[in-house]
Amino acid sequence: MASQTRSSIRFTVLLLIWVAAIQLSMEPVECRRSKSHGHGRRGYYAGKALTVMPPRAYTASVKDFGAVGDGVTSNTEAFHAAIANLSQYSENGGAKLVVPAGRWLTGPFNLTSHFTLFLEQDAVILASQDLNEWPIIDPLPSYGRGRDLPGGRYTNFIHGANLTDVVITGDNGTIDGQGEIWWQKFKSNELNYTRGYLVELMFSDHIIISNLTFVNSTSWHIHPVYSSYIVVSGITILAPIISPNTDGVNPDSCSHVRIEDCYIVSGDDCVAIKSGWDEYGIAFGMPSQHIIIRRLTCISPTSAVIALGSEMSGGIQDVRAEDITAINSESGVRIKTAPGRGGFVKDIFVRRMNLYTMKWVFWMTGNYGQHPDDKYDPNAMPFVNKISYSNVIAENVTMAGNLLGIEKAPFTGICISNVTVDMAKSKKLPWNCSDIYGITSSVSPTPCALLPDQGSNASPCPFPTDELPIDGVELNQNSYW
């Protein structure tokens with residue numbers, strides 16, 4: 001009881017601190033029309049990684065194209081016309097579309113290159129609930145079918161393909177997917193196609209998503225896929241904890257990703273790293289790699305704070321997560337895979353997690369049995385190796401670890417150090433392990449025999465000291481606002 005009371009107090013305090021921090025960080029920014037044209041991408045890259053972005057050469061308001069922010073009038077044509085018009089500047093200094101305060105109802109729309117979508121304070125973009133405005137598009141090639149259902153999928157609300165230099169930002173405006181109608185139809189099996197996502201950018205590079213609130217997506221909220229050099233910073237994602245598959249940020253077959261300073265409440269994983277599904281992901285062969293996650297706060301009672309998989313057939317490697325806070329969530333870090341996935345999950349480093357009221361701290365699942373069809377190879381075994389967790393404090397936890405590998409492909413190279421788990425009253429054993437191998441040091445409660453204690457003098461589990469190129473990206477608001 002004392003442990004539960006302490007966790008409840010911590011939960012309330014953490015929420016108040018985080019909300020205050022978000023409010024303090026959102027300072028209003030003046031938007032101005034620039035008369036001068038820049039020089040495209042000159043001076044823009046350092047190697048392959050963007051460092052400081054140039055200002056846009058032209059700025060327009062969605063009102064200039066006839067949009068009405070009353071929350072009722074459809075602005076689909078206005079958004080389409082605005083972006084079509086501003087795309088002419090994509091190779092001549094770029095453009096910025098400003099969405100002023102108001103409630104702007106629109107159907108799905110596509111972005112363009114060298115482009116900023118800027119939502120002013122109190123601006124809300126509302127996704128149309130008219131399903132006739134959502135065309136059907138092809139499934140992702142690394143999935144072979146829609147994630148919900150075989151066949152195609154509804155388009156995404158904000159979409160882009162084969163783009164470079166895209167910024168979605170603002171003065172803490174909101175993008176609202178109005179997903180309730182989709183959730184109900186999904187639960188009632190009334191949809192014939194897979195739900196789209198709130199934001200999906202594919203085959204694109206140099207993407208910044210920052211300083212906004214995303215709410216009530218039809219399914220996943222932020223989905224960069226087959227893309228690189230991505231920064232997701234200072235965003236809030238909110239969805240009911242019972243809403244289906246409303247993941248927060250899901251980098252999928254992406255390289256050089258930085259997710260930082262985000263607050264996520266969702267009905268599924270707060271962050272899920274993916275790379276394709278079974279034989280389709282193996283054939284596509286594009287891993288997710290070189291990913292930083294830091295200063296993340298998550299509430300997800302039925303899912304993971306950070307998930308790796310389950311669609312990981314293209315491989316996941318070099319993930320670095322640190323300074324993670326979770327409250328009332330199912331698991332801290334979860335690896336999800338199964339025979340038939342193939343691929344790999346390796347070189348995963350997590351440190352400095354503070355967790356309050358959890359079912360599991362560490363969770364590995366080798367029998368996550370969802371498959372796209374019956375064409376997968378049951379002998380395609382995933383390779384899971386070099387998984388490092390250190391400096392973790394968890395309170396009011398049902399189980400410290402539920403680590404279940406695969407008999408024919410044990411999970412190896414697991415390292416857990418300097419971990420203290422305060423167990424809630426439970427009849428369950430603190431650890432459940434099978435088909436895994438690794439080491440531990442300074443871990444309480446005592447881990448299972450498959451994770452032998454190396455003693456208090458053992459070296460801590462590793463965490464990389466080199467800097468990734470994506471760390472060099474500067475989020476200078478004057479550069480792209």
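**Exercises: disulfides and one buried arginine**

Cys270 and Cys298 are joined by a disulfide (a pair of cysteine sulfur atoms within 2.5 Å), with their sulfur atoms 2.0 Å apart. Before you start, note that this is a predicted model, in which local features need pLDDT of at least 70, side-chain atom pairs count only at pLDDT 80 or more, and totals for chains, interfaces and linings use all residues. Residues are numbered from 1 along each chain as its sequence is written, and side-chain values use heavy atoms, leaving out hydrogens and water.

**Exercise 1.** Work out which hand the disulfide of Cys270 and Cys298 has, and which parts it ties together.

*Solution.* Start with the torsion about the S-S bond: it is about 75°, so this disulfide is right-handed. Next, place the two ends. Cys270 lies in the loop between β21 (255–265) and β22 (271–273), and Cys298 in strand β23 (residues 288–299), so the pair ties together parts 28 residues apart in sequence. Strands are DSSP runs of E of at least two residues, and helices are runs of H or I of at least four, numbered from the N terminus. Finally, check burial: Cys270 and Cys298 are both buried, where buried means under 20% relative accessible area, exposed over 50%, and partly exposed in between (1.4 Å probe, protein chains only).

**Exercise 2.** Find how many disulfides the structure holds, and describe the links of Cys415 and Cys433.

*Solution.* The structure holds 3 disulfides. Take Cys415 next: its partner is Cys461, at an S to S distance of 2.0 Å. The torsion here is about -90°, so the link is left-handed. It connects distant parts of the chain, with Cys415 in strand β28 (residues 411–423) and Cys461 in the loop between β30 (436–444) and α5 (477–480), 46 residues apart.

Now Cys433, which is bonded to Cys448 with the sulfur atoms 2.0 Å apart. This link is left-handed too, with -85° about the S-S bond. Cys433 sits in strand β29 (residues 431–434) and Cys448 in the loop between β30 and α5, 15 residues apart. Counting bonded cysteines along the chain gives the pattern 1-2, 3-6, 4-5.

**Exercise 3.** Locate Arg147 and decide: is it buried or exposed?

*Solution.* Arg147 is in the loop between β10 (136–137) and β11 (153–154). Its relative accessible area is 17%, so Arg147 is buried. Look next at its side chain, which makes a polar contact of 2.3 Å with that of Glu311. A polar contact is a pair of N or O atoms within 3.5 Å; within protein, one must be able to donate a hydrogen and the other to accept it, and residues adjacent in sequence count only if both atoms are side-chain atoms.
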